[in-house]
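Here is a short tour of the spaces inside one protein model, written for a reader at the bench. Have the structure open and follow along.

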Amino acid sequence: MIKITDLIVALTYNLKMLKAIVAKRLHIEDSRIEHLSILKRTVNAGNKQDIHFNMTVVVRVSGDENEVISRNKHKDISKEIEQIYTLPKNKKLKERPVVIGCGPAGMFAALILAQAGARPILLERGLDVDSRKRKVSNFWRTGILDTQTNVQFGEGGAGAFSDGKLKIGQKNSRKMKVLNEFVQAGAPPEIVYLSKPHIGTDRLNETVKRLREHVISLGGEVRFNATVTEVLIQDGQVTGVRFDEKGQKSEVSTDNVVLAIGHSARDTFKSLLDSGVYMEQKPFALGVRIEHPQAMIDKIQYGGFAGHPQLGAADYKMVVHLPNGRGVYTFCMCPGGTVVAATSEENRLTTNGMSVFARDGRNANTALLVTIGKNDLDNDDPLAGCAFQRRIETAAFEAGGGGYKAPVQRLEDFLQKRKTTAFGDVLPTYLPGTEFAELDSFLPDFITDSLRQAILEMDLWMPGFAYPDALLTGAETRSSSPVRITRGDSLEAIGIKGLYPCGEGAGYAGGIISAAVDGLLCAEQILR
Ligand SMILES: Cc1cc2nc3c(=O)[nH]c(=O)nc-3n(C[C@H](O)[C@H](O)[C@H](O)COP(=O)(O)OP(=O)(O)OC[C@H]3O[C@@H](n4cnc5c(N)ncnc54)[C@H](O)[C@@H]3O)c2cc1C
């Protein structure tokens with residue numbers, strides 16, 4: 001196969017046109033191209049008068065491919081080396097491994113262990129994804145929260161109610177394994193080649209279900225409503241886990257545990273710390289969600305091409321470094337999405353964002369986050385970051401007037417430090433409701449001051465960003481884990497054999513793909 005990078009392709013392309021472009025680049029007849037697949041497709045919107053795709057493709061051509069490559073002698077044309085993931089061999093584990101948490105990290109760890117024949121037992125505190133969907137929509141409708149099954153907890157983990165955007169970066173065999181497993185489980189096939197793919201919450205839920213069925217079909221066990229309360233450790237070696245399953249206390253013995261509990265399992269962090277598991281503080285970030293009309297973002301990003309069916313809803317990403325030493329950045333942008341109530345704890349409020357696959361909602365939203373470091377925390381307690389998050393979540397809950405209504409403020413009012421009295425042309429998408437409140441009433445000054453400075457600077461990068469009617473909803477507190485469960489070279493927790501802290505909660509991933517890849521790494525280590 002031959003790989004060709006940096007192809008410039010019109011938005012209106014079809015396969016025939018693409019073959020013609022490739023044939024021209026390779027100086028061969030179109031008819032010699034037997035197979036063509038897209039490895040990567042990026043929207044190039046640098047020049048708003050000429051928006052096009054940049055593509056990397058691989059082709060199989062008839063005749064001698066090496067001759068075609070050497071005759072063309074160009075850095076953009078090379079032999080394609082396939083990224084093949086090799087499943088580790090099961091080294092005959094003494095006991096079945098246990099995976100705690102059914103988010104992307106736990107699910108992919110369980111999948112690899114199951115594919116290697118190790119018959120893992122996966123314990124998840126929340127419910128299966130269908131029951132979870134019902135619980136979450138009830139919460140958004142009525143404000144009645146289930147602390148075990150919610151936007152953070154339950155099958156699919158924190159990403160189940162998300163945009164399902166996949167941060168891929170440089171591809172490797174593990175990332176390809178994850179993408180291919182997603183596609184086999186029903187995710188859109190183009191996630192394999194788009195530069196910024198997304199699955200959408202609607203399709204992600206179905207995908208998660210099929211991955212679970214796959215694990216079970218290979219001899220794995222998946223138990224919902226099973227909250228691990230203690231990891232049993234004897235002489236520096238894991239010996240089992242204790243858990244509450246549907247109200248009953250249970251125990252399972254094992255010498256390998258993948259701890260993939262996500263960033264919101266504060267009770268489990270505490271219990272692990274109490275049983276001597278080493279943890280440390282980790283920098284994190286905190287702020288608000290901002291909503292603009294999606295049509296406005298499309299116009300800013302795509303100019304006259306806004307609304308082009310091949311482009312879909314536009315996204316954006318910005319980072320600014322302020323003179324006060326803080327970083328402020330946009331995070332988890334959800335084109336055509338909604339702002340969601342994402343708490344797992346009573347009387348505390350945290351926001352996040354999600355989109356369906358079509359990304360066809362009226363608003364664009366993104367988190368706008370300010371970096372938080374050790375000096376912002378009260379003390380050296382490894383869980384001081386959780387305490388900081390909790391304090392702001394409680395204050396945001398109160399500012400919203402209770403019932404999980406979120407405090408909101410128009411951007412212009414926020415900049416001018418006055419309370420909002422009426423919405424402009426951006427209406428909130430957050431449920432179960434909103435209340436006008438000043439962000440300064442529940443966020444520390446250093447956060448609101450940094451946000452004000454950053455919004456004005458971002459408006460220079462993306463004119464129109466400081467749109468007066470844009471809506472700010474708070475507080476966004478759970479963008480990443482405030483702790484790290486430190487592991488050594490073997491990926492085991494410091495001083496504890498058989499305990500593999502994994503994914504976002506352990507501080508080793510940020511996002512669906514990196515969490516899933518970390519799941520692969522931990523499973524491979526157990527099987528090594
Ligand atoms: C609303 C929302 C939108 C997001 N959007 C995106 C996005 O578009 N793209 C992206 O890449 N990332 C997104 N993220 C982040 C992404 O979801 C996380 O990075 C990812 O899910 C982390 O995976 P994980 O497996 O490490 O942890 P999690 O997904 O958090 O999974 C941890 C699991 O462990 C379970 N658990 C916790 N404690 C216990 C216990 N004691 N016993 C048993 N089970 C337990 C939890 O119930 C949970 O299911 C979003 C997050 C949220 C909340």
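The notes below cover the ligand site, a pocket and the cavities.

This is a predicted model, in which local features need pLDDT of at least 70 and side-chain atom pairs count only at pLDDT 80 or more, while totals for chains, interfaces and linings use all residues. Residues are numbered from 1 along each chain as its sequence is written, and side-chain values use heavy atoms, with hydrogens and water left out.

**The ligand and its shell**

- The ligand is surrounded by 37 residues, counting a residue when one of its heavy atoms lies within 4 Å of the ligand; E124, A158, K165, E504 and I512 are the closest.
- Look for the polar contacts (pairs of N or O atoms within 3.5 Å): a ligand oxygen atom is 2.2 Å from an N or O atom in the side chain of E504, and a ligand oxygen atom is 2.6 Å from one in the side chain of E124.
- At I512, a polar backbone atom is 2.8 Å from an oxygen atom of the ligand.
- Taken alone, the ligand exposes 990 Å², and the protein buries 97% of that (Shrake-Rupley method, 1.4 Å probe).
- Domain 2 (98-279 + 483-527) and domain 3 (283-476) both give residues to this shell, so the ligand lies between them; the bounds come from an automatic or database domain assignment.
- Among strands and helices (DSSP runs of at least two residues for strands, E, and at least four for helices, H or I), β8 gives the most to the shell, with 3 residues.

**The second largest pocket**

- This pocket has a volume of about 700 Å³; a pocket is an open set of points on a 1 Å grid over the protein atoms alone, with protein on both sides within 12 Å along at least five of seven lines.
- Its lining has 23 residues, with L39, E80, Q83, K171 and M176 nearest the centre; a lining residue has an atom within 4 Å of a point.
- β2 provides the largest share of that lining, 4 residues.
- Domain 1 (2-74) and domain 2 each supply at least three lining residues.

**The cavities**

- The whole structure holds 2 cavities of 30 Å³ or more, a cavity being a set of grid points where a 1.4 Å probe fits but cannot get out.
- The largest cavity, about 60 Å³ in volume, has I512, M107 and F182 among its lining residues.
- The second largest cavity is about 40 Å³, and its lining includes P283, F284 and K374.

How values were computed. Polar contact = N/O pair within 3.5 Å; in protein donor to acceptor, adjacent residues only side chain to side chain. Points joined across faces, edges and corners; volume = space filled by probe spheres on them.
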